[in-house]
Amino acid sequence: MNVALASLPAEPGQENEDFAAVAPGAAVLLDGAGVAGAETGCVHGVAWFSSTLGGLLLGSITAHPARPLADCLADAIRGVRSLHEDTCDLTYRASPTSTVVAVRVGADALEYLVLGDSTLLLANREGETTAVADRRLDEVGKRLRGPVDALPTGTLEHAAALAEYRDALTGLRNRPGGFWIAGPDPLAAEHALAGAVPLDSLASVTLLSDGATRLVDKFALVDWREVLAVLDSAGPDGLIRRVREVEGGDPDGRRWPRGKTHDDATVVHWPLS
């Protein structure tokens, strides 16, 4: 496997709540999420949740190559739950959660699963790209985040509006009409986007957390083909550096409103040919 992986926390010295790992024929990327400043009910924290879930998921999809990825994710969620349900209160609305992107190479096809607002980028041999992304969180967010986007990032007023927004989001998490994300309930796995692509049609597959996709879906400065060109020339590190350069030119979010100036950013780029 000629796989390149890069991950960077939002700020130096800050815990990285993203997790990514690869194994022969498989890769996973998770972006852990919590509610800033809120009690989670979990003594372990968001980074523990995403890394533990990711490790169990990667183990499951490689150990059981015929098992559907959604079933592997449900098993992994149950496994994480069993590790901390005796020590943590998993009924808290702010209990740790995580997006999930997983891929597995079979004899003839690449299987994939996407849950939450991380992205899977598929590139074919003609250089065309397809982004598989779960937009349900974005759709819910657009209805709620107007007061947040009207305020400069980093101000006390912005922080207060962001806290209210995040609290409202938790009320719509893992329920019809809201959005779905990996948390304490394995039922969420049934709502993941899943599919398969003929292996011989693909040139590369890339897994990206939302902190690494901002050039496209937040800033609208490039398209996915340009992202692929950066990855092919400068690798995942180069893509993350470019995101950070753009973010640094708009630290208070006046041009591009967002919850944080920077976010954890993780990229797994896997050329297949």
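Colleague: What is the order of strands in the open sheet of five?
Modeller: The pairing is antiparallel throughout the order asked for. Strands here are DSSP E runs of at least two residues, helices H or I runs of at least four, both numbered from the N terminus. Two strands pair if DSSP finds at least two bridges between them. The order is β2-β3-β4-β5-β8.

Colleague: What kind of model is this, and how is it numbered?
Modeller: It is a predicted model, where local features need pLDDT of at least 70, side-chain atom pairs count only at pLDDT 80 or more, and totals for chains, interfaces and linings use all residues. Side-chain values use heavy atoms, without hydrogens and water, and residues are numbered from 1 along each chain as its sequence is written.

Colleague: Which are the edge strands of the sheet?
Modeller: An edge strand pairs on one side only. That picks out β2 (18-23) and β8 (193-198).

Colleague: How many bridges join β2 and β3?
Modeller: β3 covers residues 26-33 and runs antiparallel to β2. One of the bridges joins V22 to A27 in β3. The number of bridges is six.

Colleague: Which strands does α1 touch?
Modeller: Helix α1 packs on the sheet, and its direction makes about 160 degrees with that of β3. Such angles run from 0 to 180 degrees between N-to-C directions, with axes fitted to C-alpha atoms, for helices over the stretch in contact. Contact means heavy atoms within 4.5 Å. The strands touched are β2, β3 and β4.

Colleague: Is S50 of helix α1 buried or exposed?
Modeller: S50 contacts E17, D18, F19, L30, G32 and S98, leaving aside neighbours within four places in sequence. Its relative accessible area is 0%. The cut-offs are under 20% for buried, over 50% for exposed and partly exposed in between, with a 1.4 Å probe and protein chains only. So S50 is buried.

Colleague: How many salt bridges does the whole structure hold?
Modeller: A salt bridge needs a side-chain nitrogen of Lys or Arg within 4 Å of a carboxyl oxygen of Asp or Glu. One of them joins R81 and E85, with the closest N and O atoms 3.2 Å apart. The search of the whole structure finds nine.

Colleague: In the salt bridge of E111 with R104, how far apart are the closest N and O atoms?
Modeller: R104 is buried, at 3% relative accessible area. E111 is partly exposed, at 22%. The closest N and O atoms of the two are separated by 3.0 Å.
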